[in-house]
Amino acid sequence: MSDKRTIDVAATPMLDRAKEIGFLTTFDRAKAQEPRCTFGNTGICCRICLQGPCRILPKKPGGNKGICGAMDYTIVARNIVRYIAGGSAAHSDHGRHIAETVLHVAEGKLKDYQITDAVKLIAVAKKIGVETEGRDVLAVAKDVATAALDEFGRVNEDEITWLTANSNESTLDVLRKTNIMPSGINLSLAQLLHQTHAGNDADPVNIIFGGLKAALCDYDGMALATDLSDILFGTGVPVVTEANLGAIKADKVNIALHGHNPLLSQMVVKAAKEMQGEAKTAGAAGINLVGICCTGNEVLTREGVAIATNFATQELAILTGAMDAMVVDVQCIMPSLRSLAECYHTKIITTMPIMKIPGSYHLAFDEHRALDSAKEIIRLAIDAYKVRDTEKVCIPDVRNTVVAGFTLESLLNIFKKINADAPIRVLTDAIEAGEIKGVALFAGCNNLKGTHDENHFTIATELAKNDVFIVATGCAAQAFGKEGLLNGDGVQKYAGEGLKKFIARLNAAAGLTAELPLIFHMGSCVDNSRAQDLANMMAKEMGLDNRDVPYVASAPEAMSEKAVAIGSWNVALGNPVHVGVVAPTVGSTLVNDVVTKVAEDVFGGFFFWETDPVKAATRLVDILEERNWKNAMRK
Ligand code: SF4
Ligand code: FE2
């Protein structure tokens, strides 16, 4: 815990190793960027047209506006919502890819995929109004996939399907009244880019509302991605595995699955089971798969694949000298991986047409021959293993047990063992009895403006001490895995008395071979939709509007445009959202006040920026207590 760069004890020796070999990691590059440009940092640098960049110099006559006359509030608002457009495009395009695959399965065009979870398919079909009675599974799947694809191109006044099907009526009312209910995903994103074009909308509030509409498309894309991935590959159930660089094995062919999309990685898992013999023939003890970022979370949740590490430390997996191949798909993949791989035998294999890295190996993934593609990848890894330099192998002996796979369904299955009629009551009763204070969702990335993983660890353990039930996704969940918070020991070490009692009751009912964890890993970033389903369910059961539910979200180390989109739809759906880095909204008091204060009056949700983890935790607990107190007063 003494290293200022990271609190991850496996990362520290690897960073020292990088120094030894003279490789500058993302940690060095982050340092090299200091000091940051204040204009960019606070959001008052506009680069939207070729006259720019224009920077706001408040005291300089003529410099207090852009060349076109754009005020600080217009520039800040435009910049921030363009992040949302990027994030929302990424998540929803991922969802579209999955939907297209389900459609092709239903049409009998893909031999390597099938409908794995027909129960979920029927549940989703009923939810979105697709007829199921007496119909063939593939016919239902075709209609569900078509409905998902319709979300993208719709240009009429109809409301978007997944958002409306999942949300509570009072939330939908607010979205309709504020005119931010989307129709089609592509339409909302195109409109937002149009709205924020040079010489277009100058009204910051109108721009922010356009941004929220796009953020709701992010939610929609995520929700359909989660549903269709479950239908295709199965809905995760509790699994036991391990996390941190110690999950990489010196005697095996190691393959890291990195990125976000499970379409190929699921096939690699399948192929690896069949190809252990080939690895053994090459002299290895077998094939060992590990995950990085959300592709890792997808195969962890459904297949129990171990977590190697999270976003900021992805390079360090190569520095172990034992990573034979890193297969990457989309999002959060550092271009630097390839130059580091040159110092080793590691093959970086890009697989998607929109994500290539110059000089790396590109294997164009084709769903029509998905399993064969996966086998080719494994053979490349085995070939690389054969030339691995054992002198360079240095794997930190650090790993923690992970109990994960807590999709909403698997969580409710545990609750059902205590209350079969109203499973969610198990959670809401504990809140109403004061045993636990509420629910916190941890989501998001790593951001090297702070110490790697520190905000995640400190805020979560503080909340646990204060009896908050915690769920997590994405790189936040992976940080918790590496720090030993995704297992029963974490409960003993960090939970307050109320949370301990609550989890003990769940343990007694669950009847699992492993103890339940301190923090419940719900999956990848797109699975933030699962957490929102939980919040919606709590609201319904407690007879509350979402804006009153004791539920908060935190992105302690938010980094990507996707994180901005996720945070923004959380706010629109009524959730208070903590962000552990200062957002580039502070360059305009007006915009900053709208997203941190005014938003609460309108939506119930709001943002707050707090870089100090203890202060952030205190505020999150205060918010939960205030919501509980108000709810008690209303009775
Ligand atoms: Fe400058 Fe206006 Fe162009 Fe932005 S849009 S770069 S403020 S002239
Ligand atoms: Fe992610």
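Biologist: Let's start with helix α5 (residues 118-128) and helix α6 (residues 137-153): how do their axes sit relative to each other?

Modeller: In this predicted model, the two axes come within 10 Å and cross at roughly 50°.

Biologist: OK, and what makes α5 oblique to α6?

Modeller: Check the angle. The "roughly parallel" label needs an angle under 35 degrees, while "roughly perpendicular" runs from 65 to 115. At roughly 50°, the pair fits neither, and that is why α5 counts as oblique to α6. As for handedness, α5 passes α6 in a left-handed crossing.

Biologist: Which residues make the contact?

Modeller: From α5 you get Ala 118, Leu 121, Ile 122, Val 124, Ala 125 and Ile 128. From α6 come Val 137, Val 140, Ala 141, Asp 143, Val 144 and Ala 147.

Biologist: How do the residues of the contact of α5 with α6 divide by class?

Modeller: There are 11 nonpolar, no polar and one charged. Asp counts as charged, so Asp 143 is the charged one.

Biologist: Now α5 and α10. Why is α5 called roughly antiparallel to α10?

Modeller: Their axes come within 7 Å and cross at roughly 150°. The cut-off for "roughly antiparallel" is over 145 degrees, and roughly 150° passes it, which means α5 is roughly antiparallel to α10. Here too, α5 passes α10 in a left-handed crossing.

Biologist: What makes the contact there?

Modeller: Lys 120, Leu 121 and Val 124 of α5 meet Asp 227, Asp 230 and Ile 231 of α10. That divides into three nonpolar, no polar and three charged residues. Lys and Asp count as charged, so the charged ones are Lys 120, Asp 227 and Asp 230.

Biologist: One more pair: α11 (residues 262-274) and α13 (residues 293-303). What makes α11 oblique to α13?

Modeller: They pack at an angle of about 50°, with their axes 9 Å apart. An angle of about 50° is not under 35 and not within 65 to 115, so α11 is oblique to α13. The crossing of these two helices is right-handed. On the α11 side, the contact uses Pro 262, Ser 265, Gln 266 and Val 269. On the α13 side, Thr 295, Glu 298, Val 299 and Glu 303 take part. By class, that contact has three nonpolar, three polar and two charged residues.

Biologist: Let's zoom out. Which domains does the assignment give?

Modeller: The domain assignment gives domain 1 (72-233), domain 2 (245-392) and domain 3 (400-634).

Biologist: And how do you know that domain 1 and domain 3 are in contact?

Modeller: Residues are in contact when their C-beta atoms lie within 7 Å. Going by that, 37 residues of domain 1 are in contact with 33 residues of domain 3. On the domain 1 side, the elements giving two or more residues are α4 (72-106), α8 (169-177) and α10 (204-233). Helix α4 gives the most, with 15 residues. That side of domain 1 has 20 nonpolar, 15 polar and two charged residues.

Biologist: What makes Asn 179 stand out?

Modeller: Asn 179 has a positive phi of about 65°, although it is not a glycine. Most residues other than glycine have a negative phi. You'll find Asn 179 in the loop between α8 and α9 (185-195).

Biologist: And which peptide bond is cis, with omega near 5°?

Modeller: That's the bond from Gly 52 to Pro 53. Pro 53 lies in the loop between β1 (45-46) and β2 (54-55). Another cis peptide bond joins Glu 34 and Pro 35, with omega about -10°. Pro 35 sits in the loop between α2 (26-32) and α3 (38-42). Most peptide bonds are trans.

Biologist: Last one: how many residues surround ligand 1?

Modeller: There are 13, and the closest are Cys 46, Cys 49, Gly 52, Cys 54 and Gly 66. The shell divides into nine nonpolar, three polar and one charged.

Biologist: Why are Cys 46 and Gly 52 put in separate classes?

Modeller: Cys counts as nonpolar and Gly as polar, so Cys 46 goes with the nonpolar residues and Gly 52 with the polar ones.

Terms used: Residues numbered from 1 in each chain as written. Chains lettered and ligands numbered in written order. Predicted model: local features only at pLDDT ≥ 70, side-chain atom pairs only at ≥ 80, totals over all residues. Near = placed C-beta within 6 Å. Axes fitted to C-alpha atoms, helices over the stretch in contact; angles between N-to-C directions. Helix = DSSP H or I, 4+ residues; strand = E, 2+ residues; numbered from the N terminus. Left-handed = near helix turned anticlockwise from the far one by under 90°. Contact = placed C-beta atoms within 7 Å. Domains from an automatic or database assignment.
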